[in-house]
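Biologist: Could you walk me through this one? I'd like to start with a single residue and then move on to the interior.

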Amino acid sequence: MIEVKEETLESTLVRVIQGLHSSESRLVSFTKKIQPLNPLHFFEAGLTLHMNRSYWHSTIDDFVMVGIGSAVSIHEDSQAISSLEEKWESVLKEAVINNPYQIPGTGIAAIGGMAFDPHKPKTALWNKFTNNELRVPTFLLLVNQQGTFLTTTILVDGMDDPKLLIRQLADQEKALLSYQNIDHKKPVIVGREEVEPEQWKETVKHATEYIAKGQVEKIVLARELRLTFSEEVGLTDVIKQLIDTQPTSYIFAYEKGTDCFVGASPERLIKLEGNQLLSTCLAGTAPRGRNELEDDKIGYQLLHDEKNLQEHDFVVQMIKNSVEEFCQKMEIPKKPVLYRLRNLQHLYTPVRGIFKEGYSIFDVIEKLHPTPALGGEPRKEALSYIRESELLDRGWYGAPFGWIDSNQNGEFAVAIRSGLIQGNTASLFAGCGVVRSSDPEAEFEETRIKFLPMLTVLGG
């Protein structure tokens with residue numbers, strides 16, 4: 001990785017291209033601070049350029065990343081996350097980066113996600129998505145408390161004409177920064193299908209019997225809800241509504257052609273900023289009340305419910321055991337607190353640590369994923385049961401989704417409360433933790449509640 005300063009993008013491109021042989025290529029990145037603008041206008045403008053879009057929004061931190069286009073996309077269909085890391089490091093090795101700010105999310109940054117279980121055969125539903133993928137956008141907008149920044153990244157070779165590239169990039173940038181329109185047409189659902197509900201309940205029943213034999217302690221089972229709309233869904237408006245209705249969640253979207261994986265997850269998997277590590281346990285779920293009194297009563301019951309406390313503790317202990325080798329010291333509260341969203345409330349415990357040198361965010365992801373909240377306990381046995389018995393191809397649902405930059409800052413959430421939108425159809429996903437005492441009807445109702453964040457913004 002080569003860092004340069006006090007150069008324009010044009011002078012950097014000229015210098016780099018002139019130094020390359022015709023068969024050589026190199027990634028060039030340039031970051032500048034720009035005037036404030038609406039990130040959703042920027043996202044919508046990507047449609048006019050016919051470029052794939054990506055979106056990440058940590059609503060609590062007021063941190064937004066919007067990617068337009070793809071300077072380079074790292075695909076890895078093997079099971080190992082370490083292979084994705086090797087490709088990421090290879091991309092950065094010869095890259096030329098002009099970034100005077102050194103703010104997390106500037107410089108070369110990538111947004112992407114992973115498959116929940118790469119060992120499970122892929123169905124047609126997810127045929128546009130690879131098991132592991134990171135995309136370095138051609139244009140990356142970052143909006144945080146320090147301002148608004150635009151990073152332009154392009155892969156060049158020795159045969160490129162720098163003046164032509166500069167003109168093309170300038171025209172595209174102008175189109176992105178000047179766009180000020182969003183189509184606010186609300187989706188209208190014309191078809192709704194619970195996918196094999198009775199068979200899913202039978203799977204839950206079978207899982208409780210399997211758990212009773214002492215094979216596992218907990219198995220998380222997910223299901224699918226399919227929606228059909230009167231016309232193609234407008235992604236920008238879906239994201240806007242998620243921001244408005246899920247103000248304490250991670251809002252994310254990843255577009256591949258006519259398909260887009262989108263959601264609002266309350267659950268952070270891992271955040272790294274400098275040497276500060278933060279992971280969170282979010283397991284144990286209840287609905288919100290109709291008024292403050294009912295809300296407090298439900299919250300109190302959740303804080304004292306044996307099944308939910310047990311489920312939560314599974315996750316806390318797993319996260320602790322997984323990340324302690326990467327940390328010099330750790331800080332974990334003894335009891336969970338309530339984490340309230342618009343539709344749901346959860347048990348919540350933060351896990352903090354001082355990150356050791358010599359490790360990366362990929363090491364932590366590989367150790368953490370999947371948490372007991374999405375897989376089960378013990379992990380290996382629970383995953384094996386899910387792989388063989390679950391009706392659903394989860395794809396990227398329930399898996400890590402997030403971003404990383406060239407300074408090794410990054411953050412990944414667990415991609416729950418999500419759906420795959422495909423033109424005028426959508427598949428929504430929700431799961432629940434099954435233990436020995438689980439009731440299939442109650443678990444089915446829990447998944448109905450978990451569909452609400454996505455279902456609400458899609459017109460349900």
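**A lysine, two cores and a cavity**

Modeller: Lys-256 is found in strand β13, which covers residues 250-256, and please keep in mind that this is a predicted model.

Biologist: Is Lys-256 buried or exposed, and why?

Modeller: Lys-256 counts as buried because its relative accessibility is 14%, and the cut-off for buried is under 20%.

Biologist: Which residues is Lys-256 in contact with, leaving aside neighbours within four places in sequence?

Modeller: With those neighbours set aside, Lys-256 is in contact with Asn-52, His-75, Lys-128, Phe-129, Glu-133 and Arg-135.

Biologist: Switching topic, which residues touch the most other members in the largest nonpolar core?

Modeller: That core has 72 residues, and Trp-56, Met-65, Trp-88 and Ile-270 touch the most other members. Beyond its neighbours within four places in sequence, Met-65 is in contact with ten residues' worth of list that I'll only sample here, including Trp-56, Ile-111, Leu-140 and Trp-403. There is also a second, separate core of 53 residues, which includes Leu-165, Ile-182, Leu-242 and Met-454.

Biologist: And how many cavities of 30 Å³ or more does the structure hold?

Modeller: The structure holds one, and about 180 Å³ of space lies in the largest cavity. Of the 19 residues that line this cavity, Ala-373, Ile-416, Arg-417, Gly-431 and Lys-450 are the closest to its centre.

Biologist: Which element gives the most to that lining?

Modeller: Strand β24 gives the most, with five residues, while β16 (276-287) is also among the elements that give two or more. By type, the lining divides into ten nonpolar, five polar and four charged residues.

Methods. Residues are numbered from 1 along each chain as its sequence is written. This is a predicted model: local features need pLDDT of at least 70, side-chain atom pairs count only at pLDDT 80 or more; totals for chains, interfaces and linings use all residues. Side-chain values use heavy atoms; hydrogens and water are left out. On a 1 Å grid over the protein atoms alone, a cavity is a set of points where a 1.4 Å probe fits but cannot get out, and a pocket is an open set with protein on both sides within 12 Å along at least five of seven lines; lining residues have an atom within 4 Å of a point. Grid points are joined across faces, edges and corners, and a volume is the space filled by probe spheres set on the points. Helices (H or I, at least four residues) and strands (E, at least two) are DSSP runs, numbered from the N terminus. Ala, Val, Leu, Ile, Met, Phe, Trp, Tyr, Cys and Pro count as nonpolar, Asp, Glu, Lys and Arg as charged, and the others, Gly among them, as polar. A nonpolar core is a set of buried Ala, Val, Leu, Ile, Met, Phe, Trp, Tyr and Cys residues joined through side-chain atoms within 4.5 Å. Buried means under 20% relative accessible area, exposed over 50%, partly exposed in between (1.4 Å probe, protein chains only). Contact means heavy atoms within 4.5 Å.
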